[in-house]
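Reader: Could you take me through the place where chain B and chain A meet? I am in my first year, so please explain each term as you go.

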Protein chains: 2
Amino acid sequence: MSIYYELLNQYRKIVILKTVEKTLRWDMDTKMPPKGVALRSEQLAFLKSLEHKMIIDPKIEYLLKKIYRKKNHDQMNNIQKRNVYLIKKMHLEKNSLPEKLVSMTEKQRVVTIDAWKKAKKAADFNLYKKQLKKMADLKCEAAEILMNVKEVKSPYDALIDIYEPGMTSYELTKIFSELKKGLVKILKKTMNSSTQPDISILKNKVPITVQKKISMIIAKYMRYDIESSRAGGRIDETEHPFTSGYYDDVRITTHYYPENFTSSIFSTLHEIGHAIYDQNLRRDWIYSPVGDFCSYGIHESQSRFAENIIGRSKEFWTFIYPKIKKMIKTGFSDISLDSFVLALNNISPSKIRIESDEVTYCLHIIIRFEIERDWICGKIDVEDIPEIWNDKYKDYLGVNIENDSEGVMQDVHWASGYQGYFPAYALGNIYCGQILSTIEKKIPEWKNEIAKGEVKNIVKWLINNIYKYGNLYDPPKLIKHATGQEIKVEYYLKYLNDKASQLYSFI
Amino acid sequence: MSIYYELLNQYRKIVILKTVEKTLRWDMDTKMPPKGVALRSEQLAFLKSLEHKMIIDPKIEYLLKKIYRKKNHDQMNNIQKRNVYLIKKMHLEKNSLPEKLVSMTEKQRVVTIDAWKKAKKAADFNLYKKQLKKMADLKCEAAEILMNVKEVKSPYDALIDIYEPGMTSYELTKIFSELKKGLVKILKKTMNSSTQPDISILKNKVPITVQKKISMIIAKYMRYDIESSRAGGRIDETEHPFTSGYYDDVRITTHYYPENFTSSIFSTLHEIGHAIYDQNLRRDWIYSPVGDFCSYGIHESQSRFAENIIGRSKEFWTFIYPKIKKMIKTGFSDISLDSFVLALNNISPSKIRIESDEVTYCLHIIIRFEIERDWICGKIDVEDIPEIWNDKYKDYLGVNIENDSEGVMQDVHWASGYQGYFPAYALGNIYCGQILSTIEKKIPEWKNEIAKGEVKNIVKWLINNIYKYGNLYDPPKLIKHATGQEIKVEYYLKYLNDKASQLYSFI
């Protein structure tokens with residue numbers, strides 16, 4: 001057993017090092033003086049290279065070999081076996097990638113992101129495609145290697161597995177095809193409805209000082225502790241909101257726009273959804289592999305649960321809206337709760353993923369998934385992507401993309417080499433619908449509780465059924481364990497259809 | 001030469017690692033959620049141990065040996081020789097201390113600081129003395145070892161050398177004896193003067209929002225860039241102000257008290273003095289040993305220059321006072337510039353070092369120095385320190401210490417194991433008087449410039465004569481180089497006497 005603890009101790013140092021990187025990245029995005037960027041790059045490069053060395057350390061291989069001797073492994077319980085498995089996975093994968101490929105990819109990332117920025121500004125895909133191809137080629141090279149190590153069926157599956165272990169391109173194709181059909185149906189019914197929101201009411205000016213107070217109310221509502229002398233969180237400001245941290249030091253950021261005050265509300269809710277997951281991981285598993293979160297999709301399910309299931313419900317606003325009205329004083333006195341909630345749930349096809357509504361959001365993701373899937377296995381070339389993109393947007397969402405800045409160049413993910421990441425966004429929504437259906441059974445009063453400003457029981461359920469399992473299971477197994485069923489699309493579709501039919505008065 | 005660059009590259013990594021620690025410590029003191037402290041300790045312990053390993057790395061010894069082969073060393077210029085010397089010094093010293101002693105000292109530090117806190121609160125030295133003795137014993141053990149490596153004459157000299165290389169207990173005894181005599185003389189004349197300030201005017205309430213604006217004015221005045229999109233600094237808030245950073249990322253903190261607004265002004269000035277030193281080190285020496293600051297005493301000379309020479313001058317207030325009066329509106333309209341400046345230069349013996357004035361400050365330091373000197377060589381026991389302390393306070397400052405919380409337990413330095421540090425505070429003042437005497441010759445218009453809000457020429461002189469030399473020389477040599485003379489006490493005494501005689505109308 002002492003070998004096992006020696007292995008865990010090696011891993012513990014890697015986790016601590018990663019949390020240092022997180023703090024430096026948080027600081028870079030929120031507080032660092034602009035000129036500090038050169039030194040910060042040096043720091044991060046140094047820590048990254050150190051982390052790499054620690055992960056591929058032959059000592060880990062040696063300890064793993066000893067542990068996998070049958071007698072040792074048999075003595076371990078499931079948690080211990082999972083820890084060893086996850087360390088082995090990490091070690092083998094990092095070890096399989098040639099150092100040259102890793103460093104070339106890091107360098108290419110910087111170059112491609114730079115090209116992306118310039119091309120996006122100039123609305124000219126041609127300025128970007130060469131560097132995007134280089135980045136994709138490097139990712140494919142890595143994917144080919146990882147495919148064998150991970151023992152999955154295709155290079156693209158290897159990339160998916162980085163973000164959503166146990167998920168495959170085949171499975172996603174099935175899931176997304178059902179999802180797409182359902183979403184398109186709801187979208188049509190909604191668009192055909194004579195009830196339509198007046199979204200101009202959301203543009204009423206709200207001072208940033210008031211918006212900051214609203215953030216505090218939401219933090220308190222969601223039980224995200226940032227104010228007490230024993231707080232474990234913060235809220236800061238960045239253009240692109242994010243969550244960063246580990247256990248007792250988890251920080252979110254949000255943004256404030258005077259003429260779009262709900263943007264900060266939904267950003268804050270979204271990030272708090274992420275944050276309470278990280279803050280409520282199992283304390284006795286800290287620094288070990290099972291003490292990490294499960295997957296990016298599961299993480300996203302928690303942010304979307306807070307943002308949409310809670311944050312876009314009529315019940316949440318029943319509680320919050322009167323408070324906000326009091327604080328804002330002018331501009332909202334004539335606007336009823338129903339009109340306000342309808343405006344927040346405006347469903348309408350759009351070009352930009354991050355501005356899209358709950359119904360069309362996953363269609364944006366499905367388009368990206370379909371392109372990635374064919375791209376990584378070589379079925380399509382980089383230069384054909386804009387046309388394919390625009391055709392799919394016309395086909396699935398009925399929108400005309402007029403330039404690539406609002407089309408294929410809207411996201412930074414591909415430039416960053418995050419091919420394989422997008423599906424996690426849609427899976428997050430699907431998981432969150434399925435989790436909701438279970439919560440509806442376990443906490444029948446959940447809507448009334450939300451309307452009374454009480455999320456205690458819901459958060460408790462999430463802690464006991466999702467958070468406290470950390471990374472003990474891959475996502476499919478965690479979902480099965482939490483909801484009693486395999487991953488199913490129907491619950492998310494039902495949730496969307498129920499809400500839309502109620503708000504837009506259709507059957 | 002490639003061996004030299006290999007050595008510098010090893011050192012570069014150590015510097016980068018140290019800057020990571022600085023960022024984490026800054027974050028801990030300013031932004032970290034309180035609960036984050038456990039994880040932060042793990043991070044810092046991990047980085048410290050890594051730093052230690054990197055410094056004692058046998059590869060450094062190997063490279064040093066190669067370089068010190070006569071032929072290689074002879075080829076190097078003075079800068080290169082200094083770099084090699086400083087790396088050798090660091091490596092030998094760290095290598096000479098047994099790992100067990102280092103880790104025991106680290107642990108004892110935590111325990112002693114904890115005992116200090118409790119004893120200070122209870123005003124009971126007995127709760128502290130056992131742990132203080134343990135800490136001092138460990139420091140003595142280290143000092144005995146370092147004495148041989150550093151080739152100095154006593155263990156206490158070895159401790160002084162950590163903070164003020166090239167300075168000795170013998171030299172300090174001489175310098176401080178002259179300083180003490182001079183200070184006591186000025187103090188007596190001041191106290192006997194019929195002109196005395198009304199310090200109650202400094203207690204007028206100033207809103208914190210206004211104080212923050214004043215900080216910005218001072219930052220601009222002192223050319224500490226925190227506002228532009230290319231800024232390299234910040235101002236944040238902590239109870240105990242500090243400066244942290246390296247080159248392009250240097251951050252200061254200050255504190256704001258509504259009923260003591262000049263406290264934030266002098267803290268801000270003091271820390272900016274530190275900050276502009278760090279920000280103006282020679283860019284082409286970054287990451288190398290000579291690219292560091294010279295010593296703690298030299299650093300302190302820069303903070304005291306900004307705080308006192310500039311910040312407590314009538315000329316500075318000629319520029320700033322009208323602006324502040326406008327911002328504050330009420331409370332200061334009847335108070336003349338002269339009364340205000342006199343109040344800022346209130347000279348009066350007190351019990352607490354950090355609250356003391358320019359004349360008595362060094363007497364506080366000299367008391368600590370005399371105790372440390374006799375303590376480290378075993379002439380006095382820990383349990384006798386309070387009595388010795390109180391006797392010296394009565395003798396040098398004429399004040400009665402009634403309990404040890406406002407006596408020997410006021411500072412955390414000894415609990416932290418920083419024996420040998422205090423002299424740097426007094427040296428800083430002495431250096432700064434000597435630097436002033438040179439600036440007076442080189443920039444005869446310096447006072448008029450300050451009164452016009454123009455410190456450009458002064459800062460330029462400091463950059464060209466102090467900052468840009470980084471750590472190329474030990475302090476005595478740097479002072480000689482900058483001022484043309486050995487370290488002399490007379491300039492600081494002259495500066496104090498001139499100012500006091502003017503303000504307090506004595507000859």
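Author: Happily; here is a walk across that interface. This is a predicted model, in which local features need pLDDT of at least 70 and side-chain atom pairs count only at pLDDT 80 or more, while totals for chains, interfaces and linings use all residues. Residues are numbered from 1 along each chain as its sequence is written, chains are lettered from A and ligands numbered from 1 in the order in which they are written, and side-chain values use heavy atoms, with hydrogens and water left out.

Chain B and chain A each bring 36 residues to the contact (heavy atoms within 4.5 Å). About 3,200 Å² is buried between them, 63% of it from carbon and sulfur atoms; buried area is the accessible area (1.4 Å probe) that two parts lose on being put together, summed over both. On the side of chain B, Lys35(B), Leu39(B) and Phe46(B) lose the most area to chain A, together 20% of what that side buries.

Charges meet here too: six salt bridges cross the interface, a salt bridge being a side-chain nitrogen of Lys or Arg within 4 Å of a carboxyl oxygen of Asp or Glu. In one of them, the side chains of Arg12(A) and Glu42(B) come together at 2.8 Å, N to O.

Finally, how do the copies face each other? The interface residues of chain B are, to 100%, also interface residues in chain A, so the copies meet through the same surface.
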